[in-house]
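Trainee: I am new to this structure and should be grateful for a close look at a single part of it. Please set that part in its context and explain each term as it arises.

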Amino acid sequence: MKLFSSFVKELKIASRGFYFYIEIFMALLILVLFLFVIPDNFDSKKSEYIYLDMPAEGSEIYLKAILDESIEGKAEEVKVKINKEEKKASLYTTDNSRIYILTSREDTIYMADKERKIAAIIGMDENYNFHYEYYLQGYESARYKDLLKILHVHSSDVIEEAMDNIEVRPLLINYDSLSDRENMLPSILVFNGSLMGLFIIAAYIFLDRQEGVIKAFALTPTPVWQYLMSKIGVLMLTSIVSSFIVLLPLMKLRPDYLLLLVLLITTAFFSSSLGLLIASFYKDIIQAFGTIYIFMMIMILPNIAYFMPSWNPIWIKIIPTYPMLEGFKSVILGSGDTSYVLSISAGFLFAGMILFALANHRYKKTLVV
Amino acid sequence: MITVKNLFHSYNKDGNYQVKDVSFDIEKGEVFGFLGPSGAGKSTVQNILTGLLQLQQGEATLGGYDVKNMSKDMFNKIGMSFEQSNVYSKLTAKENLHFYGKLFDNPTRDPMELLKLVGLADKADIRAGEFSKGMKHRLTFARSMINNPEIWFLDEPTTGLDPSIAADIKDIIKQKNKEGITIFLTTHNMFIADELCDRVAFIVDGEIKLIDSPENLKLQYGDKLVKVEYFQGDQVLQKTLSIVLPEDKELLRNIIENHEIRTMHTKEATLEEIFIKVTGRGLI
Ligand SMILES: Nc1ncnc2c1ncn2[C@@H]1O[C@H](COP(=O)(O)OP(=O)(O)OP(=O)(O)O)[C@@H](O)[C@H]1O
Ligand SMILES: [Mg+2]
């Protein structure tokens with residue numbers, strides 16, 4: 001009962017302060033960005049502008065070759081704005097590029113020169129060999145340039161044959177995947193929930209220290225752990241609310257929300273206990289800031305591994321946010337690995353309990369400082 | 001109700017003691033005061049007794065409980081008004097009292113009743129953050145009564161309050177004492193000590209110099225004083241002289257013989273004058 005009353009009190013205090021709204025506000029901001037600004041999948045297709053400087057028979061062969069590559073199997077008639085004029089062009093969309101066939105050499109050079117696009121003029125000599133004039137912008141990678149050089153050295157047959165001999169074998173068969181946008185969500189949940197929680201609970205403690213209310217609390221029969229736990233309760237609540245604000249509209253019913261709740265509660269418990277423990281060593285937020293900053297930076301590192309699968313050193317897996325990211329991803333996928341999520345939740349609960357016990361021990365000793 | 005034996009305390013644990021060999025007893029129903037200048041160690045002793053500071057050396061009991069391992073139950077029986085007010089600025093006066101009351105196991109007092117007592121009834125729904133210093137202090141004071149404490153610690157209960165409010169607070173303290181509550185207060189105001197305390201301890205540099213009732217002290221140390229105003233040329237000079245100390249008597253005789261006297265009164269020694277005489281130090 002006392003614990004609940006303390007929780008209500010902390011909630012009242014928090015709701016009248018600024019920190020309480022950071023997470024909620026961030027969640028709403030992220031939601032708006034995700035709904036209206038960030039595309040479902042990041043477009044990595046390059047646009048190329050090409051002029052075919054050759055007789056009709058030649059261009060027919062060439063266009064047929066592109067057509068084979070294109071996804072739709074047909075060209076789209078589009079308008080391209082060139083030098084303030086709408087010009088007709090044919091658009092061929094392939095797996096990794098959008099190829100616009102323009103109708104004049106000048107327009108193509110204009111696109112390269114003024115619009116800074118990748119452009120090429122493809123000609124044909126008397127022996128019916130294609131020759132290529134590429135207009136690059138200078139920011140293309142060396143690999144891309146090399147690719148262009150070798151691309152046309154061999155006849156396309158050789159390349160095709162080589163391609164056919166490469167076997168692409170998916171490592172995980174039958175797994176659900178997230179769109180690029182959805183793939184960012186675990187990272188956002190970890191950052192807005194756990195990392196901000198670590199910082200905000202410390203801020204709450206320092207506010208109380210500054211007001212000296214901890215001393216008054218210490219002279220009541222209510223144990224210190226209830227005071228600390230009531231604060232953690234507030235952080236759990238904001239973490240849950242802000243996560244649901246983001247997930248419900250974006251992921252609808254796909255995630256396993258019950259499992260999500262378990263993971264949110266245990267990770268919030270872990271990170272706010274860590275925040276409490278850190279705060280117990282300092283008098284005010286200015287002194288604590290350096291340490292909190294270092295912890296937050298370390299906890300952000302696993303994001304790099306998360307977004308760059310090629311960089312995945314063993315040590316990064318020890319950082320608690322690593323399993324958090326994996327766990328949230330699994331939950332958001334819906335078809336998630338329940339036993340994995342439950343086992344890391346248990347881990348966070350256990351580690352959180354150790355941190356909480358340490359923090360409780362420290363606060364009992366340092367109430368007046 | 002409170003016993004303290006050979007209490008020492010060093011904040012930095014470096015052999016520099018801020019409290020040195022302090023011993024005293026407080027009877028049930030007594031008002032006991034620590035009178036001393038700033039930095040004397042008054043709050044330190046109180047904080048050790050309430051468990052806010054760890055007891056380092058010596059012995060202390062509170063209502064029969066050893067302070068070293070105070071039982072939860074003891075906290076139901078003590079109240080403390082802090083020298084620096086410490087209330088939640090984001091909560092209203094009433095909420096502050098309401099939530100604090102919830103932390104005790106025994107029946108607590110009605111927040112509104114307490115607010116009325118300290119003259120904050122009309123401010124009950126205003127957040128403490130908007131309070132003046134004196135209002136916060138009164139709220140802190142009111143909060144210390146919420147659990148009907150049997151032992152009441154008051155650290156500088158009237159410091160910084162305007163005289164009429166200070167008078168109200170003094171009346172509340174007297175009233176509570178009549179109800180049989182044991183009170184341990186600290187002050188550097190000799191009027192408070194004189195008016196409220198059954199016994200006072202003079203404390204300077206962490207040491208108790210003496211403990212006695214204000215009446216006894218005045219009888220013992222308060223040998224009669226004479227306050228004399230006299231002319232020297234056009235100037236009016238003023239001196240307070242003892243009629244017991246030989247050098248003062250000599251000086252007084254000298255003044256009467258050689259100067260025109262303007263006024264001359266006998267005067268009882270104040271606690272402050274006794275304090276200065278005993279400790280060699282002022283109260284400020
Ligand atoms: N947290 C602390 N760390 C180190 N020294 C302290 C601390 N608190 C108090 N002191 C020192 O202990 C001594 C006694 O302080 P204390 O607060 O008990 O004095 P006080 O008699 O209550 O004074 P005041 O009338 O100003 O409240 C002072 O010299 C003070 O500088
Ligand atoms: Mg003090």
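Mentor: Chain B exposes about 13400 Å² of surface, and carbon and sulfur atoms supply 47% of that area (accessible areas come from the Shrake-Rupley method with a 1.4 Å probe; for residues, only the protein chains shown count as cover). The model is predicted: local features need pLDDT of at least 70 and side-chain atom pairs count only at pLDDT 80 or more, whereas totals for chains, interfaces and linings use all residues, and side-chain values use heavy atoms, with hydrogens and water left out. Residues are numbered from 1 along each chain as its sequence is written, with chains lettered from A and ligands numbered from 1 in the order in which they are written.

The C-alpha trace of chain B spans about 70 × 45 × 35 Å along its principal axes. Chain B has 10 helices and 13 strands (DSSP runs numbered from the N terminus: H or I with at least four residues for a helix, E with at least two for a strand). Of its 284 residues, 49% count as buried (under 20% relative accessible area, with exposed over 50% and partly exposed in between, for a 1.4 Å probe and protein chains only). Among the contacts of chain B between residues at least 6 apart in sequence, 65% join residues at least 24 apart (contact means heavy atoms within 4.5 Å).

The part to examine closely is the ligand site. Ligand 1 is surrounded by 13 residues, and the closest are B:Ser38, B:Gly39, B:Ser43, B:Thr44 and B:Glu83 (a residue is near if one of its heavy atoms lies within 4 Å). This shell divides into three nonpolar, seven polar and three charged residues (Ala, Val, Leu, Ile, Met, Phe, Trp, Tyr, Cys and Pro count as nonpolar, Asp, Glu, Lys and Arg as charged, and the others, Gly among them, as polar).

Polar side chains approach oxygen atoms of ligand 1. In B:Thr44, a side-chain N or O atom is 2.4 Å from an oxygen atom of the ligand, while a polar side-chain atom of B:Glu83 lies at 2.6 Å from a ligand oxygen. For B:Glu156, the corresponding distance is 3.3 Å (a polar contact is a pair of N or O atoms within 3.5 Å; within protein, one must be able to donate a hydrogen and the other to accept it, and residues adjacent in sequence count only if both atoms are side-chain atoms). On its own, ligand 1 has 630 Å² of accessible area, and the protein covers 62% of it.

B:Glu156 belongs to the loop between β7 (151-155) and α6 (163-178) of chain B. Its phi is positive, about 55°, although it is not a glycine. B:Glu156 counts as buried because its relative accessibility is 6%.

B:Ser43 and B:Glu83 also serve the magnesium ion, which is ligand 2: the protein donors are B:Ser43 (OG), B:Glu83 (OE) and B:Glu83 (OE), at 1.9 to 2.7 Å from the ion (donors are N, O and S atoms within 2.8 Å of the metal, or 3.2 Å for Na, K and Ca; water is not among the atoms, so sites may look incomplete). This pair links distant parts of the chain, 40 residues apart: B:Ser43 is in helix α1 (residues 42-49), and B:Glu83 is in the loop between β6 (78-81) and α3 (93-101). B:Ser43 is buried, with a relative accessible area of 16%, whereas B:Glu83, at 38%, is partly exposed.

Chain A completes the context. Its secondary structure comes to 15 helices and six strands, and 47% of its 369 residues count as buried. The accessible surface of chain A is about 19900 Å², of which 62% belongs to carbon and sulfur atoms.

One residue of chain A that reaches chain B is A:Asp208, in helix α8 (residues 185-211) of chain A. Not counting residues up to four places away in sequence, A:Asp208 touches A:Glu10, A:Val213, A:Ile214, A:Tyr227, A:Lys231 and B:Tyr88. A:Asp208 is buried, with a relative accessible area of 4%.

A:Ser273 lies in helix α11 (residues 257-279) of chain A and is buried at 0% relative accessibility. Its side chain reaches the backbone oxygen of A:Phe269 at 2.8 Å. Leaving aside neighbours within four places in sequence, A:Ser273 is in contact with A:Ile232, A:Gly352, A:Leu355, A:Phe356 and A:Ala359.
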